[in-house]
Amino acid sequence: MRDCLSDLNVHKSMGPDGMHPRVLRELADVIAEPLSITFERSWRTGEVPEDWRKANVTPIFKKGKKEDPGNYRPVSLTFIPGKVMEQLILEAIIKQAEEKKVIRSSQHGFTKGKSCLTNLIAFYDGMTGWVDEGRAVGVVYLDFSKAFDTVSHNILLGKLRKSALDEGSVRWIENWLNGRTQRVVISGAGSSWRPVTSGVPPGVSTGPSLVELLHQ
């Protein structure tokens, strides 16, 4: 736990609690033990603190006209301790997914040691091989708009259980999804809290296990 806190990025923004990650990082030696007790109890019982299920959504301008809401990328800011717990859950899922060979070798995105470049190289190698053999080759590119934001919670949980991941991890994620709320915060002013009915948890969506499971 101390290592997790010491590795916190101090340049990240605060969550709804207003606690800066720098504070948690500098107090790692003091709060590591009580946080470990909290995390262990949360894991054992499947109970997720209500605060961990809250998020401030901050719109980040991308390009184009600032008057167009579609030109902003929403960034979800959650409680730092909750994010640390999500990372621990993610590591457990990844380990189980690797042991059960859930992740296919064709998965490049969000996979350690792989990237867009390795994906492009593998794709180019396959296509040129077929062309050299005189075979006809056709390519279709698909880009699903806001794919992670519209994932059904029931489908996600069903995929996790189908992949034979341990029930403790699935139960924790299920309880984490239930009761999630978020609000939009701009220049310090916040909207009312609204329930989150779809989407992949922000802290675990970067793992190859969930990415791969959603594509099966």
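The count of disulfides in this predicted model comes to zero. A disulfide is a covalent bond between the sulfur atoms of two cysteines. Two cysteines can be placed by their exposure. C4 is partly exposed, because its relative accessible area of 27% falls between the cut-offs of 20% and 50%. C116 has a relative accessibility of 70%, so it counts as exposed.

**Overall layout**

The protein has eight helices and five strands. Along the sequence, they follow the pattern α-α-α-β-β-α-α-α-α-β-β-β-α. The C-alpha atoms fill a box of roughly 65 × 50 × 35 Å, taken along the principal axes. Of the 216 residues, 32% are buried. Take the contacts between residues at least 6 apart in sequence: 63% of these join residues at least 24 apart.

**Helix α3**

Helix α3 covers residues 28–45, which is 18 residues. At 1.5 Å a residue it should span 26 Å, and its end C-alpha atoms are 25 Å apart, so the two values agree. The helix still bends, by about 25° at P34. Which residues of α3 are buried? They are A28, I31, A32, L35, F39 and S42. The cover over these buried residues includes α1 (2–6), α2 (21–26), α4 (80–99) and α7 (167–177). After α3 comes G46, with a positive phi near 80°.

**Helix α4**

Helix α4 is one of the elements covering the buried residues of α3. It has 20 residues. From first C-alpha to last it reaches 29 Å, close to the 28 Å expected at 1.5 Å a residue. Its buried residues are I80, P81, G82, V84, M85, E86, I89, L90, I93, I94, Q96 and A97. E98 also lies in α4. At 54% relative accessibility it is over the 50% cut-off, so E98 counts as exposed. The C-alpha atoms of E98 and D29 are separated by 32 Å, with their positions 69 residues apart along the chain. Just after α4, K101 takes a positive phi of about 55°.

**The largest nonpolar core**

The largest nonpolar core has 27 residues. Those with the most contacts inside it are L5, W52, L160, W172 and I173. Four elements, α3, α4, α6 (153–162) and α7, give two or more residues each to this core.

What does W172 touch, leaving aside its neighbours within four places in sequence? Its contacts are S42, W43, G46, E47, V48, W52, M85, E86 and I89. Several of these have already appeared. S42 is a buried residue of α3. M85, E86 and I89 are buried in α4. G46 is the residue with positive phi that follows α3.

**Aromatic pairs**

There are three aromatic pairs. In one of them, the ring centres of F123 and Y141 are 6.4 Å apart and the planes lie at 55°, so the pair is tilted. F123 is in helix α5 (residues 116–132) and Y141 is in the loop between α5 and α6, so the pair ties together parts 18 residues apart in sequence. Is Y141 buried or exposed? Its relative accessibility is 68%, so Y141 counts as exposed. F123, at 30%, counts as partly exposed.

Y124 lies in helix α5 as well. From its C-alpha to that of W52 the distance is 43 Å, and the two are 72 residues apart in sequence. W52 is among the residues with the most contacts in the core, whereas Y124 counts as exposed.

**The loop between α1 and α2**

V10 sits in the loop between α1 and α2. With a relative accessible area of 15%, V10 is under the 20% cut-off and therefore buried. Leaving aside its neighbours within four places in sequence, V10 is in contact with H20, P21, R22 and R25. The C-alpha atoms of V10 and H20 are separated by 7.6 Å, although the residues are 10 apart along the chain.

**Side-chain exposure at a glance**

| Residue | Relative accessible area | Class |
|---|---|---|
| C4 | 27% | partly exposed |
| V10 | 15% | buried |
| E98 | 54% | exposed |
| C116 | 70% | exposed |
| F123 | 30% | partly exposed |
| Y124 | 58% | exposed |
| Y141 | 68% | exposed |

Conventions: Residues numbered from 1 in each chain as written. Heavy atoms only, no water. Expected span 1.5 Å × (residues − 1). Bend = angle between axes of the 7 residues up to and from the residue. Buried < 20%, exposed > 50% of the residue type's maximum accessible area, 1.4 Å probe, protein only. Contact = heavy atoms within 4.5 Å. Disulfide = S-S within 2.5 Å. Core = buried A, V, L, I, M, F, W, Y, C linked by side-chain atoms within 4.5 Å. Phe/Tyr/Trp six-rings, centres within 6.5 Å; stacked < 30°, edge-to-face > 60°.
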